[in-house]
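Okay, thanks for coming, everyone. I'll put the structure up and walk you through a few parts of it.

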Amino acid sequence: MPAIPETRTAPAAGVPGIRSQGLALAGFLALSALAWLLSSVPIILNSGGWYAGSVKAPWMPPSWMFRGTWMLLYAGVATAAWLVWRKGRFAGGTRSWYVAQLLLNAAWPVTFFALYPALGAVALWAAFAVICALAATLAFLILRFGPVDATAGCLVLPYFSWLVYCASLNLYSAIHN
């Protein structure tokens, strides 16, 4: 009896299998979901307090818009990191900068929302410094991800753009509160 040829192609050398890719994507998304959830806590706890009565920028969108937007942006950057990981280029500095952006994004709401009652306007200026550091981190990730996978670089761009917009809101709050 003649042998039936294998219809599935073997993964190229160095390319993770489909199961590994699925687990890695789930891991990146779960890590981003955890960062998003932790970032939400200080916002939820403080949005009805001092923040409700604070002076906000005239270009401030409705508050309901933030939660969903951040969730989508976190998913985009997680997918971007996964695309780079798939190509074996998510190591060293790239991985460190990815973790740094997660930590900085989690640090911003703590600095902006939770520290304001204790520090006043100083907290808002500190939060502005955090968001600027986060923007620099994202710019670095765009430059690292883009050459590895163009889609990955593009997936970080909306996150970077939204962050610059949010930095303008933060700066307005720091100046006027």
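Let's check the length of helix α3, residues 92-114, and keep in mind that this is a predicted model. The helix has 23 residues, and at 1.5 Å a residue that should give a span of 33 Å. The C-alpha atoms at its ends are 32 Å apart, so the model agrees with the expected value.

Now, which residues of α3 are buried? The list is Thr94, Tyr98, Gln101, Leu102, Asn105, Trp108, Pro109, Thr111, Phe112 and Phe113. And what covers them? The cover includes α1 (18-46), α2 (64-86), α4 (116-119), α5 and α6 (150-176).

Two of those buried residues bring me to the rings. There are 20 aromatic pairs in the structure. Take Trp50 and Tyr51: their ring centres are 5.6 Å apart and the planes sit at 85°, so we call that pair edge-to-face, the cut-off being over 60 degrees. Both Trp50 and Tyr51 are buried.

Compare that with Trp108 and Phe112, which are stacked, with 4.8 Å from centre to centre and 20° between the planes. Why are they about one helical turn apart? Because they are 4 residues apart in helix α3. Trp108 has a relative accessible area of 17%, and buried means under 20%, so Trp108 counts as buried. Phe112 is buried too, at 3% relative accessibility.

These pairs also join up. Trp50, Tyr51, Trp108, Phe112, Phe113 and Tyr116 are linked by ring pairs into a cluster.

Okay, over to the surface. Val110, Leu115, Leu119 and Val122 make a nonpolar patch of about 310 Å². Val122 belongs to helix α5, residues 121-148. Is Val122 buried or exposed? Its relative accessible area is 55%, and the cut-off for exposed is over 50%, so Val122 is exposed.

Last stop: Gly146, which is also found in α5. With a relative accessible area of 24%, Gly146 is partly exposed. Where does Ala80 come in? Gly146 and Ala80 are 66 residues apart in sequence, but their C-alpha atoms are 9.3 Å apart in space. As for contacts, leaving out residues up to four places away in sequence, Gly146 touches Leu141 and Gly153.

That's my tour, so I'm happy to go back to any of it.

Key: Residues numbered from 1 in each chain as written. Predicted model: local features only at pLDDT ≥ 70, side-chain atom pairs only at ≥ 80, totals over all residues. Heavy atoms only, no water. Patch = residues over 30% accessible without salt bridge, like charges linked within 9 Å, V, L, I, M, F, W, Y side chains within 5 Å. Areas by Shrake-Rupley, 256 points an atom, 1.4 Å probe, with all protein chains shown as cover. Salt bridge = Lys/Arg side-chain N within 4 Å of Asp/Glu carboxyl O. Helix = DSSP H or I, 4+ residues; strand = E, 2+ residues; numbered from the N terminus. Buried < 20%, exposed > 50% of the residue type's maximum accessible area, 1.4 Å probe, protein only. Expected span 1.5 Å × (residues − 1). Contact = heavy atoms within 4.5 Å. Phe/Tyr/Trp six-rings, centres within 6.5 Å; stacked < 30°, edge-to-face > 60°.
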